[in-house]
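Me: I've got this one open on my screen and I'd like to talk it through. Can you walk me around it?

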Amino acid sequence: MRLQKTEMLLIVAALLLGLSPFISPDWLVFTSTLAIAAALVVMGVVMLMRAGLISFGQGLFYCMGGYAVGLGGRFLGVTDALALIGMGIIATVALAMVLGLLLTRYREIFFAMLTLAFSMILYGILVKSQGLGSTDGFGVVKWSILGYQPGQGLESATTLWLAVVLALAAALFLNRYFQSSIGLACEAIRENEVRVEYMGISRRQVLYINYVIAAALGSVGGSLTALTAGHVDPTMAYWTISGEFVFIALLGGTGHVAAPFVAAFIFILVRTYAVELFPNSWQLILGIVLLLIILFLPKGIWSLFTRKRSAAA
């Protein structure tokens with residue numbers, strides 16, 4: 001199978017990002033890993049948006065992935081990062097396969113509110129769970145990758161390399177997925193799902209597959225966040241976190257598989273500096289940024305690149 005131009009650019013970008021720990025300060029490596037983790041969750045949000053659905057409940061799967069890492073290490077004695085991530089994916093996909101049977105029946109605000117409700121249910125359960133640290137959460141045990149234990153000072157770099165590999169695999173998969181018959185059917189469903197049914201395509205089946213894949217991506221993002229931060233807590237399932245993922249999705253747009261990564265890096269950096277410079281009004285800064293994006297780039301930051309290509313043509 002020949003690599004497309006987009007896939008080659010993704011591989012080059014991943015290689016450059018993988019070299020960044022050798023020239024970047026530790027705080028930037030840490031921030032980059034968090035941005036990649038958030039971008040993976042946002043990719044799931046974008047998948048749903050391409051089908052005309054807005055999810056305010058991706059925090060549910062994000063939190064499940066994080067808690068799978070924490071619980072697997074604390075109660076099951078599993079320390080391999082890949083095994084912990086795999087456990088999170090299995091648990092998340094199992095839940096998504098059940099919830100998807102209900103949620104794919106609904107559209108627009110009903111879908112958004114139902115996804116939010118399930119996320120807040122998990123938040124409420126975790127807050128009341130004293131054995132899991134309640135609102136404080138708990139720490140993640142030291143982890144390894146296939147028997148390799150990161151040495152002192154290499155934890156951040158190792159986590160970044162793991163995040164880059166997983167993100168590259170997800171991006172390459174979604175690039176092909178968006179060009180497949182199911183991926184193209186998602187855009188058709190967004191425009192007119194009745195005509196899609198007349199064409200012999202089951203819209204509920206397409207949306208169901210989309211929802212389950214988006215849940216798996218959310219789980220991977222949550223797992224990487226837990227491995228990076230070394231801590232999990234119920235706020236991972238809170239509605240504001242899910243709102244941030246929608247914010248980033250709107251910021252980047254749905255036009256390209258790389259858009260969530262660009263938007264996530266911009267969002268994390270803007271939020272980091274906004275909190276540092278304006279600790280009491282950083283939410284206002286983020287709101288102004290989103291307002292400007294909606295006014296001047298309604299299709300997201302990635303539309304800047306498409307405009308340049310159109311002008312060149």
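Reply: Sure, and one term before we start: two residues are in contact when they have heavy atoms within 4.5 Å of each other. Keep in mind that this is a predicted model.

Me: With that in hand, what share of the contacts with a separation of 6 or more comes from residues 24 or more positions apart in the protein?
Reply: Take the contacts in the protein whose partners have a separation of 6 or more, then pick out the ones 24 or more positions apart. Their share is 80%.

Me: How many helices and strands am I looking at?
Reply: Read along the sequence, the pattern goes α-α-α-α-α-β-α-α-α-β-α-α-α-α. Counting up the elements gives 12 helices and 2 strands.

Me: What is the radius of gyration, and what would a compact globule have?
Reply: The C-alpha trace spans about 55 × 50 × 45 Å along its principal axes. A compact globule with 313 residues would come in near 20 Å, and the protein agrees with that, because its radius of gyration is 19 Å.

Me: What fraction of the residues counts as buried, and what do carbon and sulfur atoms supply of the exposed area?
Reply: Of the 313 residues, 48% count as buried. The protein exposes about 15200 Å², and the part of that supplied by carbon and sulfur atoms is 69%.

Me: How far apart do the centres of the positive and negative side chains lie?
Reply: There are 18 positive and 13 negative side chains. The centres of these two sets lie apart by 9 Å.

Me: How much of residues 282–305 is helix?
Reply: The unreviewed UniProt entry lists this stretch as a "transmembrane region", and residues 156–174 are also among those it covers. Residues 156–174 are 100% helix, with end C-alpha atoms 26 Å apart. Over residues 282–305 the end C-alpha atoms are 28 Å apart, strand is 0%, and helix is 75%.

Me: Is Gln58 buried or exposed?
Reply: Gln58 sits in the loop between α2 (26–50) and α3 (59–75). Beyond its neighbours within four places in sequence, its contacts include Val41, Leu48, Ala214 and Phe245. Buried means under 20% relative accessible area. Gln58 has 1%, so it counts as buried.

Me: Which residues does Ile213 touch, not counting those up to four places away in sequence?
Reply: Ile213 belongs to helix α8 (residues 203–229). Its C-alpha is 8.8 Å from that of Ala96, although the two are 117 residues apart in sequence. Setting aside residues up to four places away, Ile213 touches Met47, Phe173 and Tyr177.

Me: What about Ser219, and which residues is it in contact with outside its neighbours within four places in sequence?
Reply: Ser219 is in helix α8 too, and it is buried, with a relative accessible area of 0%. Tyr67 is 152 residues away in sequence but 9.6 Å away in space, C-alpha to C-alpha. Leaving out those sequence neighbours, the contacts of Ser219 are Phe61, Gly65, Gly88, Ile89 and Thr92.

Me: Glu108 and Ser134 have a positive phi of about 50 degrees; which is buried and which is exposed?
Reply: Neither Glu108 nor Ser134 is a glycine. Glu108 lies in helix α5 (residues 108–127), whereas Ser134 is in the loop between α5 and β1 (138–139). Exposed means over 50% relative accessible area and buried means under 20%. Glu108 has 61%, so it counts as exposed, while Ser134 has 12%, so it is buried.

Note on methods: Residues are numbered from 1 along each chain as its sequence is written. This is a predicted model: local features need pLDDT of at least 70, side-chain atom pairs count only at pLDDT 80 or more; totals for chains, interfaces and linings use all residues. Side-chain values use heavy atoms; hydrogens and water are left out. Helices (H or I, at least four residues) and strands (E, at least two) are DSSP runs, numbered from the N terminus. The radius of gyration is taken over C-alpha atoms; the globule rule is 2.2 Å times the number of residues to the power 0.38. Buried means under 20% relative accessible area, exposed over 50%, partly exposed in between (1.4 Å probe, protein chains only). Accessible areas come from the Shrake-Rupley method with a 1.4 Å probe; for residues, only the protein chains shown count as cover. Lys and Arg count as positive and Asp and Glu as negative; His and the chain ends are not counted. The place of a charge is taken as NZ of Lys, CZ of Arg, CG of Asp or CD of Glu. UniProt positions are given in the numbering used here, feature names are shortened, and annotations may be inferred rather than shown by experiment.
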